Amino acid sequence: MDKLKGILKNKYILLLIAVGLILMLFSSGEGKEEKTAQVSELTEAGFSVRELEDRIAEALSKIDGAGKVRVVLTVRSSTEQVIAEDVETTEKLSDDEIASESLVQTVIIDMGDGEGPVTLKYIYPEFQGALVIAQGAGNAAVRLALTEAVSSLTGIGADRITVAVMQS
């Protein structure tokens, strides 16, 4: 029962983070930049990998036997903002040909302090891997608990999470 409450609490934490990020994104409205890299800090559209690493490390340090914990996450790409577009298609008929033309315009709204595009959704970075360094990682049960926790918080498969013992 306690384990179920812990899992539900983690889902609520992720949901709370997602809602907070979405609210932050509406105020910043930054663009898209694709790249694959190991990133220690990513702050586009209100998302910070470093802050997430710190929050996860703090949560993991609460696991019985884990001790002090440090987390490093790698991301595959940066944040992407999907903008609403109005598409108008016209067809022209001539003798034996049918031609189609499309006019694409970004949907703009007045936000009180200026105009801005309508954001349909934000696509957040996909995590590529994780490194967890913990004082208690010498214990197999602690390693398993850390791996499962990181996997559930980030969606990273257990095969892409490395748990190592922290130097004293």
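Okay, let's start with one pair: Leu131 sits opposite Thr162, and Thr162 is in strand 9. Keep in mind that what we're looking at is a predicted model.

So where does that pair belong? Strand 8, residues 127-134, pairs with strand 9 in the parallel sense, over five bridges. These two are part of an open sheet of three strands, ordered 1-8-9, and the pairing in that sheet is mixed. Now, who stands at the edges? Strand 1, which is 69-75, and strand 9 do; each has a single partner strand, so one side of each has no neighbour in the sheet. On average, neighbouring strands here are turned by 15° against each other, if you ignore direction.

Let's stay on strand 9 for a moment and pick out Ala164. That residue is in strand 9, which covers residues 161-165. Is Ala164 buried, partly exposed or exposed? Its relative accessibility is 26%, and buried would mean under 20%, so Ala164 counts as partly exposed. Skipping residues up to four places away in sequence, Ala164 touches Val132, Ile133, Ala134 and Ala137. Take Ala134 from that list: it is 30 residues away from Ala164 along the chain, yet their C-alpha atoms are separated by 6.4 Å.

Now for the helices around this sheet. Helix 3, residues 140-154, lies across strand 1, strand 8 and strand 9, and it runs at about 145° to strand 9. Helix 3 has 15 residues. From first C-alpha to last it reaches 21 Å, close to the 21 Å you'd expect at 1.5 Å a residue. Which residues of helix 3 are buried? They are Val142, Leu146, Thr147, Ala149, Val150, Leu153 and Thr154. Around the axis those residues cover an arc of only 165°, which puts them on the same side of helix 3.

Helix 2 is next, residues 49-60. With its 12 residues, helix 2 reaches 16 Å from first C-alpha to last, close to the 16 Å expected at 1.5 Å a residue. Its buried residues are Val49, Leu52, Glu53, Ile56, Ala57 and Leu60. Why do we say they line one face? Look down the axis of helix 2: the buried residues fall within an arc of 135°, so they line one face of the helix. Over on the other side of helix 2, Glu51 and Glu58 are exposed.

Let's follow Leu60 inwards from there. Leaving out neighbours within four places in sequence, Leu60 is in contact with Ala66, Val69, Val71, Val132, Leu146, Ala149 and Val150. Leu60 also turns up in the largest nonpolar core, which has 25 residues. The members that touch the most others in that core are Ile56, Leu60, Val69, Leu73, Val132 and Leu146. And which elements give two or more residues to it? Helix 2, strand 1, strand 8, helix 3 and strand 9 do.

Right, two other places in the chain. One is Glu101, in strand 4, residues 97-106. With 42% relative accessibility, Glu101 is partly exposed. Its contacts, again without neighbours within four places in sequence, are Glu88, Thr89, Thr90 and Lys92. Glu88 and Glu101 are 13 residues apart along the chain, and their C-alpha atoms are separated by 8.2 Å.

The other is Lys121, which lies in strand 7, residues 119-123. Lys121 is partly exposed too, with a relative accessible area of 48%. It is in contact with Glu80, Gln81 and Val82, once neighbours within four places in sequence are set aside. Then there's Ile22: along the chain it is 99 residues from Lys121, and the C-alpha atoms of the two are separated by 8.6 Å.

Let's zoom out to finish. How many helices and strands does the protein chain have? It has three helices and nine strands. Reading along the sequence, you get the pattern α-α-β-β-β-β-β-β-β-β-α-β. Of the 168 residues in the protein chain, 29% are buried. And if you take the contacts with a separation of 6 or more, 63% of them are between residues 24 or more positions apart.

Note on methods:
Residues are numbered from 1 along each chain as its sequence is written. This is a predicted model: local features need pLDDT of at least 70, side-chain atom pairs count only at pLDDT 80 or more; totals for chains, interfaces and linings use all residues. Side-chain values use heavy atoms; hydrogens and water are left out. Helices (H or I, at least four residues) and strands (E, at least two) are DSSP runs, numbered from the N terminus. Buried means under 20% relative accessible area, exposed over 50%, partly exposed in between (1.4 Å probe, protein chains only). Contact means heavy atoms within 4.5 Å. Two strands pair if DSSP finds at least two bridges between them. Axes are lines fitted to C-alpha atoms, for helices over the stretch in contact, and angles run from 0 to 180 degrees between N-to-C directions. A nonpolar core is a set of buried Ala, Val, Leu, Ile, Met, Phe, Trp, Tyr and Cys residues joined through side-chain atoms within 4.5 Å. The expected span of a helix is 1.5 Å times one less than its number of residues. The arc is that of the directions from the helix axis to the C-beta atoms.
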